[in-house]
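Reader: I would like to go through the labels used for this model and see what each one rests on.

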Amino acid sequence: CCTSCCPMSYPLALALLLFFARATSGNYCAQQDDCSSCTRANTDDGEDSACAWCFSTGKCKLAYSKSEPKVGDWLTGPGTCPVYTTSRATCKCQPTKYTTCETCTKNHPGW
């Protein structure tokens, strides 16, 4: 049967759907360009991605899918980054740059 005239088999269609759904959730994180927007999704009930901001690369990575968390996601995402955060509260106070709250707030008044 030709591919243009036969419907896809159910297992193949399901596999493609899961693949693209998974790719889309990871893409959400990759589209964020700063720590605050990267970690905002982590508290948004409407977003399935939990993202981590990598301070050393300045990139947002998928930490895990909230609906299907997997250790592999963590190991290929933030697990490859030496200094990361999943919390917006630490976006300005990088743990390797500021060792106390006092030194952080000195450099970020009103924060």
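**Core, sheet and Thr85**

Author: This is a predicted model. Its largest nonpolar core has 11 residues: Cys29, Cys35, Cys38, Ala41, Cys51, Trp53, Phe55, Cys60, Leu62, Val83 and Cys91. Helix H2 (35-40), S1 and S2 are the elements that give two or more residues to this core.

Reader: What makes this set of residues a nonpolar core?

Author: The term requires buried residues of the listed nonpolar types, joined through side-chain atoms within 4.5 Å. Cys51, Trp53 and Leu62 are among the residues in the set.

Reader: Why is Thr85 called buried?

Author: Buried means under 20% relative accessible area. Thr85 has 6% relative accessibility, so Thr85 counts as buried.

Reader: Which residues does Thr85 touch, leaving out those up to four places away in sequence?

Author: They are Cys35, Thr39, Cys51, Ala52, Trp53, Phe55 and Thr90. On the same basis, Cys91 touches Cys35, Ser36, Thr39 and Phe55.

Reader: What makes the approach of the Thr85 side chain to Ser87 a polar contact?

Author: The side chain of Thr85 reaches the backbone nitrogen of Ser87 at 3.0 Å. The limit for such a pair of N or O atoms is 3.5 Å, so the distance qualifies.

Reader: How do you know that strand S1 and S3 pair?

Author: Pairing needs at least two bridges. Strand S1 (residues 49-54) and S3 have two, in the antiparallel sense, so they pair. Cys54 stands opposite Tyr84 in S3, and Thr85 also lies in strand S3 (residues 84-85).

Reader: What is the strand order in the open sheet?

Author: The order is S2-S1-S3, with antiparallel pairing. Strand S2 (59-65) and S3 are the edge strands, each pairing on one side only.

Key: Residues numbered from 1 in each chain as written. Predicted model: local features only at pLDDT ≥ 70, side-chain atom pairs only at ≥ 80, totals over all residues. Heavy atoms only, no water. Helix = DSSP H or I, 4+ residues; strand = E, 2+ residues; numbered from the N terminus. Buried < 20%, exposed > 50% of the residue type's maximum accessible area, 1.4 Å probe, protein only. Polar contact = N/O pair within 3.5 Å; in protein donor to acceptor, adjacent residues only side chain to side chain. Contact = heavy atoms within 4.5 Å.
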